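Hi everyone, thanks for making room for me on the agenda. I'd like to walk you through a chain I've been looking at, so let me put it up on the screen.

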Amino acid sequence: MPFTTHNVNGLVYDTADGLYAVGGTHHAFTTRLGGVSPAPFDSLNFFERNGDTAENVLENYRLLGEAAGLPMSRAVGNRQVHGDLVRRVRAEDAGKLLWDERPHDADALLTDVPNLPLVAYSADCCTILLHDPTCRCVGAVHAGWKGTALGVALKAVVAMMSVYGADPTTIRAALGPSIGACCFETDRDVPDAIRAELSESADAYIAARGSGKYRVDLRQINRLWLLRGGLDPRHIEVHPDCTMCHPERYWSHRRLGARRGGQIAVIALEEP
Ligand SMILES: [Zn+2]
């Protein structure tokens with residue numbers, strides 16, 4: 001199991017062992033366990049637009065920061081748009097976390113500023129954390145099926161290379177819990193969009209189910225994009241859990257509908 005579960009006073013989050021071992025960052029993939037939000041957002045919820053209060057959500061960020069050693073009062077979120085835009089986050093963006101103050105409409109955030117946690121939100125979608133320990137930069141990526149088809153993971157890697165001089169052979173990547181191929185049943189539009197970009201290399205991760213339905217493995221397709229970017233397969237970790245199979249541990253849009261909480265993947269560079 002390349003991931004480790006942490007339980008700090010009931011707040012439960014996972015870390016990727018390889019990302020942790022290389023050092024230089026703090027990171028976390030959250031669950032729904034250990035926050036202060038009441039039902040139906042119980043209890044570790046990071047979405048304030050579905051009906052939970054900003055006070056509860058900010059307290060959940062604070063508790064996560066305490067538990068995981070992340071300076072969450074400085075964390076930065078984005079307004080995710082299911083696209084492939086990658087944005088550079090700067091020191092002046094620190095603390096922009098709630099929807100109306102998030103500085104970027106984007107699905108991938110990058111920075112080389114220490115102590116500036118980058119947040120990717122999800123409730124079934126893939127999240128991808130990136131770290132190049134050589135040039136010291138990090139990224140947080142949200143990839144639903146549209147972003148997965150568009151290759152937002154590869155675009156984040158390419159931007160790390162062009163903006164910060166990252167070397168793909170030294171980049172570490174970890175993909176968080178998301179809806180798995182066991183549960184992600186789609187119409188033909190999803191495999192068509194993915195094959196339009198990746199052609200037959202994606203076929204191993206798309207299964208026809210009859211009656212025009214398909215099962216798609218979004219995490220493995222994002223892994224494929226990272227390999228195309230030149231990452232070493234030994235440096236890519238993929239969380240095994242399906243969010244829809246485990247509603248007791250994760251938020252799942254497909255399982256719970258729109259009135260529910262959401263989890264985050266977050267990463268911050270340490271001071272050198
Ligand atoms: Zn499942």
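Gly165 comes just after helix H4, and its phi is positive, about 75°. This is a predicted model, by the way, so please hear every value in that light. Let's stay with H4 for a moment. The helix has 13 residues, and from first C-alpha to last it reaches 17 Å, close to the 18 Å expected at 1.5 Å a residue.

Which residues of H4 are buried? They are Val152, Ala153, Leu154, Lys155, Ala156, Val157, Ala159 and Met160. And what covers them? The cover includes strands E4, E5, E7 and E8, together with helix H3, residues 145-150, and helix H6. In terms of packing direction, H4, residues 152-164, lies across E4, E5, E7 and E8, and runs at about 160° to E8.

That brings us to the sheet underneath. Six strands form an open sheet here, in the order E4-E5-E8-E7-E9-E13, with mixed pairing. E4 (86-88) and E13 (236-238) are the edge strands, each with a single partner, so one side of each has no neighbour in the sheet. From one strand to the next, the twist averages 15°. Within this sheet, E7 (residues 126-132) and E8 (residues 137-143) run antiparallel and are joined by 7 bridges. If you want a landmark for that pair, find Cys126, which stands opposite Ala143 in E8.

I mentioned H6 as part of the cover over H4, so let's look at H6 itself. Is H6 largely enclosed or open? Of its 11 residues, 218-228, 8 are buried, so the rest of the structure largely encloses this helix. Those buried residues are Leu218, Arg219, Ile221, Asn222, Arg223, Leu224, Trp225 and Leu226. Just after H6 comes Gly230, which has a positive phi of about 100°.

Now for a second sheet. Three strands, in the order E10-E12-E11, make an open sheet with antiparallel pairing. The edges are E10 (185-186) and E11 (206-210); each has a single partner strand, so one side of each is left without a neighbour in the sheet. Between E11 and E12, residues 213-216, there are 4 bridges in the antiparallel sense, and Ile206 has Val216 in E12 as its bridge partner. A helix goes with this sheet too: H5, residues 189-198, lies across E10, E11 and E12, at about 55° to E12.

Next, strand E3, residues 25-30. Here 5 of the 6 residues are buried, so the strand is largely enclosed by the rest of the structure. E3 pairs with E2 (residues 11-16) in the antiparallel sense over 2 bridges, and in that pairing Asp14 stands opposite Phe29. E3 is also joined to E14 (residues 263-269), again antiparallel, by 5 bridges. There, His27 faces Ile267 in E14.

Let me turn to some backbone details. As a reminder, most peptide bonds are trans, and most residues other than glycine have a negative phi. Where do we find cis bonds here? One is the peptide bond from Ala39 to Pro40, with omega near 0°. Another runs from Asp42 to Ser43, with omega near -5°. Pro40 sits in the loop between E3 and helix H2 (54-68), and Ser43 is in the loop between E3 and H2 as well.

As for positive phi outside glycine, Asn9 has a value of about 55°, and this residue lies in the loop between E1 and E2. Ser211 has a phi near 55° and lies in the loop between E11 and E12. Buried or exposed? Ser211 has 5 C-beta neighbours inside 10 Å, so it counts as exposed. Asn9, with 8 other C-beta atoms within 10 Å, is exposed.

Let me finish by zooming out. The chain has 7 helices and 14 strands. Its radius of gyration is 17 Å, close to the 19 Å that the globule rule gives for 272 residues, so the chain is as compact as a globular protein of that length. Buried residues make up 52% of the 272. Among contacts between residues at least 6 apart in sequence, 65% join residues at least 24 apart.

Thanks for listening, and I'm happy to go back to any part of it.

Terms used. Residues are numbered from 1 along each chain as its sequence is written. This is a predicted model: local features need pLDDT of at least 70, side-chain atom pairs count only at pLDDT 80 or more; totals for chains, interfaces and linings use all residues. A residue is buried if 20 or more other C-beta atoms lie within 10 Å of its own, exposed if 12 or fewer, and partly exposed in between; C-beta atoms are placed from the backbone. The radius of gyration is taken over C-alpha atoms; the globule rule is 2.2 Å times the number of residues to the power 0.38. Two residues are in contact if their C-beta atoms, placed from the backbone, lie within 7 Å. Two strands pair if DSSP finds at least two bridges between them. Axes are lines fitted to C-alpha atoms, for helices over the stretch in contact, and angles run from 0 to 180 degrees between N-to-C directions. The expected span of a helix is 1.5 Å times one less than its number of residues.
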